[in-house]
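Hi everyone, thanks for coming. Today I'd like to walk you through one structure, step by step, so please have a look at it with me.

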There are 2 protein chains.
Amino acid sequence: MAKDGITPRSEDYAQWYLDIVRGADLADYAEVVRGCIVFKPTGYALWEAIQSGLDQRIKATGHQNAYFPLLIPKSFLMKEAEHVEGFAPEVAEVTHAGGEKLAEPYVVRPTSETIIGYFYAKWVHSWRDLPLLINQWANVMRWEMRTRPFLRTTEFLWQEGHTVHASEKDAERETLLILHEVYADFVEKEMAIPVIRGRKTEKEQFAGALRSYAIEAMMQDGRALQAGTSHNLGQNFAKAFDIAYTDQKNQLQHAWTTSWGVSTRLIGALIMAHSDDEGLVVPPRIAPLQVVVVPIFKTDSERLRVQEVMRCLTVEWQGRLRFKVDDRDQFSPGYKFNEWELKGVPVRVEIGPKDIDKGTVAVARRDVPGKPGKSFVPQRGLTEYLEGLLASIQQSLYGRALKFREEHTYEAGSYRELKDGVEKGFVRAYWAGTREDEDKIQEETGATIRVIPLEQPPERGKCVYTGKEASQMVVFARAY
Amino acid sequence: MAKDGITPRSEDYAQWYLDIVRGADLADYAEVVRGCIVFKPTGYALWEAIQSGLDQRIKATGHQNAYFPLLIPKSFLMKEAEHVEGFAPEVAEVTHAGGEKLAEPYVVRPTSETIIGYFYAKWVHSWRDLPLLINQWANVMRWEMRTRPFLRTTEFLWQEGHTVHASEKDAERETLLILHEVYADFVEKEMAIPVIRGRKTEKEQFAGALRSYAIEAMMQDGRALQAGTSHNLGQNFAKAFDIAYTDQKNQLQHAWTTSWGVSTRLIGALIMAHSDDEGLVVPPRIAPLQVVVVPIFKTDSERLRVQEVMRCLTVEWQGRLRFKVDDRDQFSPGYKFNEWELKGVPVRVEIGPKDIDKGTVAVARRDVPGKPGKSFVPQRGLTEYLEGLLASIQQSLYGRALKFREEHTYEAGSYRELKDGVEKGFVRAYWAGTREDEDKIQEETGATIRVIPLEQPPERGKCVYTGKEASQMVVFARAY
């Protein structure tokens, strides 16, 4: 029962995703710029909502925004051994400018640890300068082979936090603060997507990090999507760029740094966590538009009557609900229903002459398509009703996603069970293998260890692959 | 009586500007990336305030935000004859990516008319699709020879609006709407900088425009700074990129487009319009921080008493004032006064034990340095007093800037008077010269025609250069 032009999820999940992106008018392929997209207004509005919610949390935890150059001298990338290995193959290079060949090429930032490290070395002198807590909203570029709208594009938008601390303990505290109070809190409360918080294995960690943490979410095809990462960089970049401070005993010490980021791929996560075969579904708290009102009338006198009641009803919504009255003349109510369903507006209110006679309006929930989600509600107290409804939709979407994850998470005691499990969802298993074992498993199953969850069972167990005694439980999944 | 480290304006205005940028900690030179700066937190916070005020106005006039690719195929730049002439010499080129040489190089966008034009041609089909009203917040890059923090940097941040219309009249209306309701309104009301609104001469207009409009502000050295531009692009880009629509008579027509932008150079305007020899001065409406509270005490018991009163006084400020209590232990009150003066916080409140005995606080206005700006104010009703004071500082800064401009604007009836006038400020003069005459005047005086003001005197006059009868009055000035 999918909408025209939308391939059902059950038929072809990857095509369904692209159909939603196009149907909700979120993005356009920039076929003339390799692997890039245009973020169209409906898609960009989702990014603005994400930015605003994250920016508040980033500032509330004591960080300030700044902006560093887009171009990085190519030699900077070479200063941290693992970093260059991770990023050098996928950078875009500026070799000419102002009509001349440059003496040294620049790379377009794939991430900014190196250029920011250079400045931090200039700015940090004493323990009094620490912690240094800065975030940047920026575009970055990675020349990826296979791209997909929002999930993986050559250019994407993100925030990248970069902080400097006096000790490993302070850096670790920062790394986890961001993971919990900024990323997990935002993605769970605002985007209604439950996440698993955990540490990355060495194989999956950031190029140059001491320890990487991530939040991982389950999409509706059972795959994992890394929704945010927070890295304790140890002293690796501090040593490469000589970020040092004089401590309280007047000793010169290398500092400890962190970096953390989330990107426009969160829009992809939003789509794949909640949407259905009718189009996009957006949780009310993040929705640029929460309620759309569609007038229904046949004659001019009906139209006037409906308009008057609409004005009355919506007068107190300003500042309480993000809403739009869709009074476009050239489109029928049916056309409008279809468009706003595709675009995922959480609630639709319909008002026609019959509703006015009865003192009611029709209210349709986007998260429960068709008849079951439609009800008739008294005009009196409508604002409070809608506020309550939006809150309950938010909760319901979170609950639905959590239930889905639980139903698609399997415990594996054997490699056979692991192989079966990752066909359908997440697999929780004890782990004591090596990096080579992980590579082998990925080759054979397509799955990787997404995280070592911070919450661990009290008891030890037997490694799903080696059979050795294991002190930790990990989560395997195929990932975006 | 300038502050330590700040060259007085009267001595060396250019050096004073750089001293303010450094003293207020607004930016750092990115000496490793040609002509770039780092926007440090204090400087970036000004940009965030500017963004927020402009973004509200851009949306209130019916525009939506979107995001287009950073890279533009080099051939796109060539499609509009004047555009390529204006921008090709100053672009940065990406020639290699992902470890390989590219078949066609990309340029890093110097502005986005061409790449956006390409997409608009795909999106616009019918008169029903018009107007198309989109804005983008982005970084852009122009390989400039001489750079100066904020005023001219290789990479800068800006917004660029790009719209499509069915007729020249609609495009012209849009161009002027942006000039008046978005740019002039914002710069005058929020930044307290009076501007002259006018049209650019052919010599000064945007490469590829039919008509360019601008708002021009006077800096404290009498020079002009172009604070925003709005271009009616006619059908130039519509023809180059084939943006066409079917009209109501089913005829295919080329559309009319506009583009308009303001950039981080507004931060430079803010500095140069209001600041003094003590540091930055920021108008209250745009100030990230409006009030700073500095406690004064000697003993621990005084400290406790002062803290308690501060808490009491500031409890109702949340949501009404943007404030900070500076309770840093490692710095003296004098050090703090100096720092916040340098950073331009509009109002400082001091509370010490003597103030508490008298039920007052000391209030110092940043715009009136030293004793004349300091007064003792009752604690009762302090919030309302501060709100009123901030409003009056805003007005006073605008009034001061307007008075300065009026005192430094001269009417010239002869070329001699024009030459004298542009040494000191703006010159208003009748004009009937050619583009070559304009070039000549620039060579001889360093001044250009900044704008042909939209507000014109009713009578005609004699051209200041050619002596011919002239139907328009123009404004000459040296410009940033």
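I'll begin with how to read the model, then go on to the chain contact, a helix pair, the domains and a sheet.

This is a predicted model, in which local features need pLDDT of at least 70 and side-chain atom pairs count only at pLDDT 80 or more, while totals for chains, interfaces and linings use all residues. Residues are numbered from 1 along each chain as its sequence is written, and chains are lettered from A and ligands numbered from 1 in the order in which they are written.

Let's start where the chains meet. How many residues does each chain bring to the contact? Chain A brings 41 residues and chain B brings 41 residues, where two residues are in contact if their C-beta atoms, placed from the backbone, lie within 7 Å. On the side of chain A that touches chain B, strand S5 (residues 92–97) of chain A gives the most, with six residues. Helices (H or I, at least four residues) and strands (E, at least two) are DSSP runs, numbered from the N terminus. That side of chain A is made up of 26 nonpolar, eight polar and seven charged residues. Here Ala, Val, Leu, Ile, Met, Phe, Trp, Tyr, Cys and Pro count as nonpolar, Asp, Glu, Lys and Arg as charged, and the others, Gly among them, as polar.

S5(A) also runs antiparallel to strand S5 (residues 92–97) of chain B, and five bridges join them; two strands pair if DSSP finds at least two bridges between them. In this pairing, A:Ala92 stands opposite B:Ala97.

Next, a helix pair. The axes of helix H2 (residues 41–60) and helix H6 (residues 168–189), both of chain A, come within 9 Å and cross at roughly 155°. Axes are lines fitted to C-alpha atoms, for helices over the stretch in contact, and angles run from 0 to 180 degrees between N-to-C directions. That makes H2(A) roughly antiparallel to H6(A), a label for angles over 145 degrees. Among the residues making this contact are A:Leu54 of H2(A) and A:Phe186 of H6(A).

Zooming out, chain A is assigned domain 1 (13–274), domain 2 (291–390) and domain 3 (409–477), with bounds from an automatic or database domain assignment. The C-alpha centres of domains 1 and 2 of chain A lie 41 Å apart.

Finally, chain B has an open sheet of eleven strands with mixed pairing. Strand S3 (64–65) and strand S20 (409–411) of chain B stand at its edges, each with a single partner strand, so one side of each is left without a neighbour in the sheet.

Technical notes. Parallel < 35°, antiparallel > 145°, perpendicular 65-115°, else oblique.
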